[in-house]
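Open the structure in your viewer and get ready to select a few pieces one after another. Each stop below tells you what to pick and what you will find there.

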Amino acid sequence: MTDLRPLSPAEAAQGLRRAGDAARGFLGTDPVTQNDALLARELTRREAQVYAAGGALVGCVPNRAQPRQAYVSSTSAGPEPVRALLGHLTTYQRRTSFVALVPEEGAAAFLGAGFAHSGVLPGHHYAGHAFHDLLVLVKEEPCRS
Amino acid sequence: MKLRGYRGTDRGLLSGPWLAGELLGLPIGDWPALAEPTAVPPPTGDDEELCVTDDAFVRYTAIDWVHRRARVEIGVHSPLSDVDTLLARAVEHGFTGLNLRRLHGWVTPVTRPDTEALTAAGFRREAVVPAATWFDGAPAAREIWGTIRHD
């Protein structure tokens, strides 16, 4: 199991900067159009929790309208860091529902962790002089309590 | 019907018996008598825009000027209001007044929303998120509806 190490917003901003293109759209942020100070401020404003998972970053933002649900992101192309994050959120925070908004090329990590397609947001993300669709992926876990 | 900018004297329009964050928030008939009405805060930052009519508000929130998109919330006080015109004005202001390219919002099927009005305004259902909100003592699914300006 991949170990998770919690990061402060400033550490998370630096990690996202190092992750490059893989971090674009991470929890709604973009290290290409936002500097480190703005990244840290946005992560704080969204109450984001960011973790280092091996060489990747994973994170979540709680849904304020439904405390059992969280929006999750990962900079890894593989599913293992996502599985570790879901295990942590399920076990220690009692989250039972997870949503990921990812581009087509980033979907494999989440599909490999058990997420399912729920829809497409057309033209939701701008990068590289073009608008791109985002996939909505969802996963629900049974409540253990 | 004309959208105008929010002023402090319009504060009374910002609360009512709707589900929070709803794209088309119409009054819920069986709203519990002791439940607090849903309220939206007055605009504070540059990622929000708040417009009002005589009996409704239109809130553009989470405006992202890079991705040129915003999430829209509407709260209507009278169920007899002309929601078709209100939605058309909201879309028009978002696309031409704010120069956004995409507008989206939450629709909660369990509240039996007026999806024909949304469709007439150009919105389409794009995704379903299970257990996205809490309603009537249980998690409820929400849909994401959106519209795009093609230019």
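**A walk through two chains**

Start with chain B: among its contacts with a separation of 6 or more, 60% link residues that are 24 or more positions apart. Keep in mind that this is a predicted model.

**Stop 1: the whole of chain B**

Color chain B by secondary structure. You should find two helices and nine strands, and if you follow the sequence the pattern reads β-β-β-β-β-β-α-β-α-β-β. The radius of gyration of chain B is 15 Å, close to the 15 Å that the globule rule gives for 151 residues, so chain B is as compact as a globular protein of that length. Turn the view around: along its principal axes, the C-alpha trace of chain B spans about 45 × 35 × 30 Å. Of the 151 residues in chain B, 40% are buried.

**Stop 2: strand β6 of chain B**

Now select residues 69-76 of chain B, which form strand β6. How many of its eight residues are buried? The count is seven, so to speak a mostly covered strand.

Add residues 56-64 of chain B, strand β5, which pairs with β6(B) in the antiparallel sense over seven bridges. To see one pairing up close, pick Y60(B), whose bridge partner in β6(B) is V72(B). The two strands form a hairpin with four residues between them, and R68(B) in the turn has a positive phi of about 55 degrees.

Next, add strand β7 of chain B, residues 102-107. Here β6(B) and β7(B) run parallel and are joined by three bridges. Look for R71(B), which stands opposite H104(B) in β7(B).

**Stop 3: a helix in chain A**

Move to chain A and select residues 36-45, helix α2. Which residues of this helix are buried? They are L39(A), A40(A) and L43(A). These three cover an arc of only 95 degrees around the axis, which puts them on the same side of α2(A). Show α1 (9-19) and β2 (49-53) of chain A as well, as the buried residues of α2(A) pack against both. On the face turned away from the buried side, you will find the exposed residues A37(A) and R45(A). Just after the helix, E47(A) takes a positive phi of about 60 degrees.

**Stop 4: a hairpin in chain A**

Select residues 116-127 and 130-140 of chain A, strands β6 and β7, which pair in the antiparallel sense over eight bridges. Within this pairing, L121(A) has L134(A) in β7(A) as its bridge partner. The hairpin has two residues between the strands, and G128(A) takes a positive phi near 60 degrees.

**Stop 5: the nonpolar core**

In soluble globular proteins, nonpolar side chains tend to be buried together. Highlight L85(A), A100(A), V136(A) and I74(B): in the largest nonpolar core, which has 73 residues, these touch the most other members. Zoom in on A100(A). Leaving out residues up to four places away in sequence, A100(A) touches V72(A), S73(A), F110(A), F115(A) and L137(A).

**Stop 6: where the chains meet**

Finally, show both chains together. Here 21 residues of chain B are in contact with 20 residues of chain A. On the chain B side, β8 (124-135) and β9 (138-148) each supply at least two residues. The largest share, nine residues, comes from β8(B). Color the chain B side by residue type and you will find twelve nonpolar, four polar and five charged residues.

Note on methods: Residues are numbered from 1 along each chain as its sequence is written. Chains are lettered from A and ligands numbered from 1 in the order in which they are written. This is a predicted model: local features need pLDDT of at least 70, side-chain atom pairs count only at pLDDT 80 or more; totals for chains, interfaces and linings use all residues. Two residues are in contact if their C-beta atoms, placed from the backbone, lie within 7 Å. Ala, Val, Leu, Ile, Met, Phe, Trp, Tyr, Cys and Pro count as nonpolar, Asp, Glu, Lys and Arg as charged, and the others, Gly among them, as polar. Two strands pair if DSSP finds at least two bridges between them. The radius of gyration is taken over C-alpha atoms; the globule rule is 2.2 Å times the number of residues to the power 0.38. A residue is buried if 20 or more other C-beta atoms lie within 10 Å of its own, exposed if 12 or fewer, and partly exposed in between; C-beta atoms are placed from the backbone. A nonpolar core is a set of buried Ala, Val, Leu, Ile, Met, Phe, Trp, Tyr and Cys residues joined through C-beta atoms within 7 Å. The arc is that of the directions from the helix axis to the C-beta atoms.
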